[in-house]
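Good morning, and thank you for making time for this presentation. I would ask you to keep the sequence and the structure in view while I speak.

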Amino acid sequence: MLTAVMSTFKGVCVVSKEVPIDFFGQLSTTGDALILKRNSDAYQYVEEISERIGLVYIVRHPFDVLTSNNPQTKREYHIEPHRWLGEMLALKFLIEAQRKNVQIVRYEDLVTDGSKVQQQLAAYFGFEIASHVDDLPAVFKASSAAEAAMHGVRKIDTRSIGKYKHNPKKIDYLRSIRPRLGSMLDWVGSEFSYDISLK
């Protein structure tokens, strides 16, 4: 979704396919900016990414992340606890190191007020908005993998927030893995104002 929003800026070239961070220094564009979506293990190398490269890190309620589904994954839940912990450790490093050229976007803000997030990103990176976020289906040229992960390119939809709350099976699963999440879960809840109670 965030990659799709980045395609609404004028003069940017968006590669919607996930790529290793090595590509960040190998690809070039004739446009004003090149937007890459990093692959699933890139969080392990976040310290190696030059500060000249701008990063937009999206964070989402941990329980929605840990119970999300991706049709391309054969597992019931796409993000396993060890990967979530690694991703959050990388994010915590960026924040505590006060790494320059970083913007953090809460998924919930993106889907409830996409236009505001779009404006904030434009202001931070000096981009000009070319298309409204409601026009994503017409603007974003998704790879087949990206389209499958998004369950189809469509307008931003708020129904993806808090889906785990209405599924007893997901609640039970979250309770079973919660001890593994440890203090990182508490940090994410506090840092990003997420309710991490399981009622």
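**Methionine 88 and its surroundings**

Let me begin with a single residue: methionine 88 touches Val59, Met184, Trp187 and Val188, when residues up to four places away in sequence are not counted. Please bear in mind throughout that this is a predicted model. Methionine 88 lies in helix α3. Is methionine 88 buried or exposed? Its relative accessible area is 6%, so methionine 88 is buried. There is also a partner distant in sequence: methionine 88 and leucine 185 are separated by 97 residues along the chain, yet their C-alpha atoms are 8.9 Å apart in space.

**Helix α3**

I turn now to the helix that holds this methionine. Helix α3 covers residues 81-96, which makes 16 residues. At 1.5 Å a residue, such a helix should span 22 Å, and its end C-alpha atoms are indeed 22 Å apart, so the two values agree. The buried residues of α3 are Pro81, Arg83, Trp84, Gly86, Glu87, Met88, Ala90, Leu91 and Leu94. What covers these buried residues of α3? The cover includes the strands β2 (33-38), β3 (55-59) and β4 (102-106), together with the helices α2 and α8. Just after α3, glutamine 98 takes a positive phi of about 50°.

**The chain as a whole**

With that helix placed, we may step back to the overall picture. How many helices and strands does the chain have? There are eight helices and four strands. Along the sequence, they follow the pattern α-β-β-β-α-α-β-α-α-α-α-α. For 199 residues, a compact globule would have a radius of gyration near 16 Å; the chain has 17 Å, which agrees. Taken along the principal axes, the C-alpha atoms fill a box of roughly 50 × 35 × 30 Å.

Two further figures describe the packing. Of the 199 residues, 42% are buried. Among contacts with a separation of 6 or more, 64% are made by residues 24 or more positions apart. As for the surface, the accessible area of the chain comes to about 11,100 Å², and carbon and sulfur atoms account for 48% of that.

**Aromatic pairs**

The next topic is the aromatic rings. A pair of aromatic rings is described by the distance of the centres and the angle of the planes. How many aromatic pairs does a search of the whole structure find? The search finds six. One of them joins phenylalanine 63 and tyrosine 164: this pair is edge-to-face, with 5.4 Å from centre to centre and 75° between the planes. Phenylalanine 63 lies in helix α2 (residues 62-66), while tyrosine 164 lies in the loop between α7 (144-149) and α8 (168-192), so the pair ties together parts that are 101 residues apart in sequence. Both members have low accessibility values: phenylalanine 63 is buried at 0% relative accessible area, and tyrosine 164 counts as buried at 4%.

A further pair brings together tryptophan 187 and phenylalanine 192. Their ring centres are 5.9 Å apart and their planes stand at 90°, so this pair is edge-to-face. Tryptophan 187 counts as buried at 16% relative accessibility, and phenylalanine 192 likewise counts as buried, at 8%. Tryptophan 187 will be familiar from the opening, as one of the residues touched by methionine 88. Elsewhere, Phe9, Tyr124, Phe125 and Phe127 form one aromatic cluster.

Phenylalanine 63 merits a second look. Which residues is phenylalanine 63 in contact with, leaving aside its neighbours within four places in sequence? They are Tyr164, Leu174, Arg178, Leu185, Ile196, Ser197 and Leu198. In addition, phenylalanine 63 and tyrosine 194 are 131 residues apart in sequence, with 9.8 Å between their C-alpha atoms.

**Charges over rings, and a loop serine**

Two arginines also sit over aromatic rings. The charged end of arginine 38 is placed over the ring of tyrosine 57, at 5.4 Å from its centre. Arginine 60 lies over the face of tyrosine 107, and here the distance to the ring centre is 4.2 Å.

I close with serine 131, which is found in the loop between α5 (114-125) and α6 (136-139). Is this loop residue, serine 131, buried or exposed? Buried means under 20% relative accessible area; serine 131, at 18%, therefore counts as buried. Not counting residues up to four places away in sequence, serine 131 touches Thr8, Gln118 and Val139.

Methods:
Residues numbered from 1 in each chain as written. Predicted model: local features only at pLDDT ≥ 70, side-chain atom pairs only at ≥ 80, totals over all residues. Heavy atoms only, no water. Phe/Tyr/Trp six-rings, centres within 6.5 Å; stacked < 30°, edge-to-face > 60°. Helix = DSSP H or I, 4+ residues; strand = E, 2+ residues; numbered from the N terminus. Buried < 20%, exposed > 50% of the residue type's maximum accessible area, 1.4 Å probe, protein only. Lys NZ or Arg CZ within 6 Å of the ring centre and 35° of its normal. Expected span 1.5 Å × (residues − 1). Contact = heavy atoms within 4.5 Å. Rg over C-alpha atoms; globule rule 2.2 N^0.38 Å. Areas by Shrake-Rupley, 256 points an atom, 1.4 Å probe, with all protein chains shown as cover.
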